[in-house]
Amino acid sequence: MRSLTAALALLLASSCQGFVAPSHNSHQIITTTTPSSTQLKKQPLSRLSVATDINAVGEPGTADLPWSELGFEFRPTKSHLRMTYRDGKWQEPEMVESPYINVHIGATALHYGQACFEGLKAFAHEDGSVNLFRPDENAKRINRSGHRVMMPEIPVETFIKACNDVVKDNVAYVPPYGSGGALYLRPLLFGSGPRIGLQPAEEYTFIVMVIPVGDYYKGGLAAPVNGLIVDDYDRAAPKGVGAAKVAGNYAADLIPNMAAKKKGFPICLYLDAATHTLVEEFSTSNFIGIDNENKKYITPKSDSVLPSITNKSLQTLAKDEGMTVEQRDIEVAELSTFDEVIACGTAVVVTPIGSLTRFEENGEESKYQFTEDVGETTRRLYDTVRNIQNGEIEDTHNWNYKVE
């Protein structure tokens, strides 16, 4: 486990960028103060956790909410963090209590889709602390996405500090330890400056909103679900923006996703757009195939697939168990060789797939059948990552960042 100050000191040792004077607006705001690089560098550089005063952060789970009944849906909280990029630099971050934002009618996010976002979670531990799970990876990914659509970089240490501060300000909404829930963070970066011609904006807005959520499926790990292989639509084009977490990627999935649900399939699997012969990814999740006999964990390698932080974590845990991890092309016909198939992502961690159905052009139906119950490897990987997130086993890879 990493303390925030120690982790940021490591980041700042190689690159440090400070905030400038805050901007002013008409919202009710609470201004946060970011420590200087000198202050942060005074902290010990150990990657081990450093004892902190839990009361300085506050007690999680004190909001009046039905913790055992939380789903994965929007709920109001105390505040969100907001920061503006203007005149070539990031302004001071603000805590804003209003859930609304004024946006220029010419904003590039509205006209040209100049927007990307992230998703990560904070968890309460038994000792009363609150920990973010791998926010450094989200910081790197939002910058890759932003670069693809010409938006300014958010320094990694700035991103992590923003996540830390918004969780701290909303600590009452962090589901208590043992509830199975988490505080979901949705960082969002978008072009807020006006442009009518196609070009990047001069002003950008970065926000981090938070929502208390429960298990995506009640009870933790759901029974396997049946998926549909999509042939009538493509998720992303070769050499397009499939590897970036931009808003438009998800809009493209709305029609096929709703159509599949009407047919009784709660999840869609997309194939490569060029040939429709290779597995790419599910609607909002990466694809994982498990070969238990040969102890293999297989996931697609494609420039059109979003690199999942959950998938990256599961690959590490699979290697820890002695499994062989392969990132490579997966032919559709190879689906029949997998013992277990998993859809993985931040919201659910893993969704076990019971079967995948494909409707051929001639009307025939192909069906790939996997486990009827949650597979042993799926269960084991899920339990391990959830136990790390909840602080119940040793965090040997230093994925948890303690909120301070």
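The following questions and answers go through the fold, cores, salt bridges and surface of a predicted model.

Student: What kind of model is this, and how are residues numbered?
Tutor: This is a predicted model, in which local features need pLDDT of at least 70 and side-chain atom pairs count only at pLDDT 80 or more, while totals for chains, interfaces and linings use all residues. Side-chain values use heavy atoms, with hydrogens and water left out, and residues are numbered from 1 along each chain as its sequence is written.

Student: How many helices and strands are there in the protein?
Tutor: Helices (H or I, at least four residues) and strands (E, at least two) are DSSP runs, numbered from the N terminus. On that basis the protein has ten helices and 20 strands.

Student: What percentage of the residues of the protein count as buried?
Tutor: Buried means under 20% relative accessible area, exposed means over 50%, and partly exposed lies in between (1.4 Å probe, protein chains only). The protein has 404 residues, and the share that counts as buried is 53%.

Student: Which element gives the largest share of the largest nonpolar core?
Tutor: A nonpolar core is a set of buried Ala, Val, Leu, Ile, Met, Phe, Trp, Tyr and Cys residues joined through side-chain atoms within 4.5 Å. The largest one has 38 residues, and Leu 132, Phe 159 and Val 166 are among those with the most contacts inside it. Elements giving two or more residues to this core include β3 (80–86), α5 (135–148), α6 (156–169) and β10 (204–213). The largest share, seven residues, comes from α6.

Student: How many residues are in the second, separate core?
Tutor: Phe 123, Phe 133, Leu 314 and Cys 344 are included in this second core. Cys 344 counts as buried because its relative accessibility is 1%. The size of the second core is 21 residues.

Student: How many disulfides does the count come to?
Tutor: A disulfide is a pair of cysteine sulfur atoms within 2.5 Å. Cys 116 is buried at 1% relative accessibility, and Cys 344 is buried at 1% as well. By the distance rule, the number of disulfides is zero.

Student: Which helices does the salt bridge between Glu 137 and Lys 312 tie together?
Tutor: A salt bridge is a side-chain nitrogen of Lys or Arg within 4 Å of a carboxyl oxygen of Asp or Glu, and by this rule the count comes to 17. For Glu 137 and Lys 312 the N to O distance is 3.1 Å. The pair ties together parts 175 residues apart in sequence, because Glu 137 lies in helix α5 and Lys 312 in helix α9 (residues 309–320). The helices asked for are α5 and α9.

Student: Is Glu 137 buried or exposed?
Tutor: Its partner Lys 312 is partly exposed, at 39% relative accessibility. Glu 137 has a relative accessible area of 9%, so Glu 137 is buried.

Student: Which residue forms a salt bridge with Glu 281?
Tutor: Glu 281 lies in strand β13 (residues 279–282), and its partner is in the loop between β11 (225–230) and α7 (247–251). Glu 281 counts as buried at 4% relative accessibility, and the partner is buried too, with a relative accessible area of 10%. The closest N and O atoms are 3.0 Å apart, and the partner is Arg 235.

Student: How far apart in sequence are the parts tied together by Glu 321 and Arg 380?
Tutor: Their side chains meet in a salt bridge at 2.9 Å, N to O. Glu 321 is partly exposed at 27%, and Arg 380 is partly exposed at 35%. Glu 321 lies in the loop between α9 and β16 (324–328) and Arg 380 in helix α10, so the separation is 59 residues.

Student: What is the separation of the C-alpha atoms of Thr 371 and Asp 339?
Tutor: Thr 371 is in the loop between β19 (365–369) and α10 (376–389). Leaving aside neighbours within four places in sequence, its contacts (heavy atoms within 4.5 Å) are Pro 224, Asp 339, Glu 340 and Gly 354. Thr 371 and Asp 339 are 32 residues apart along the chain, and their C-alpha atoms are separated by 6.8 Å.
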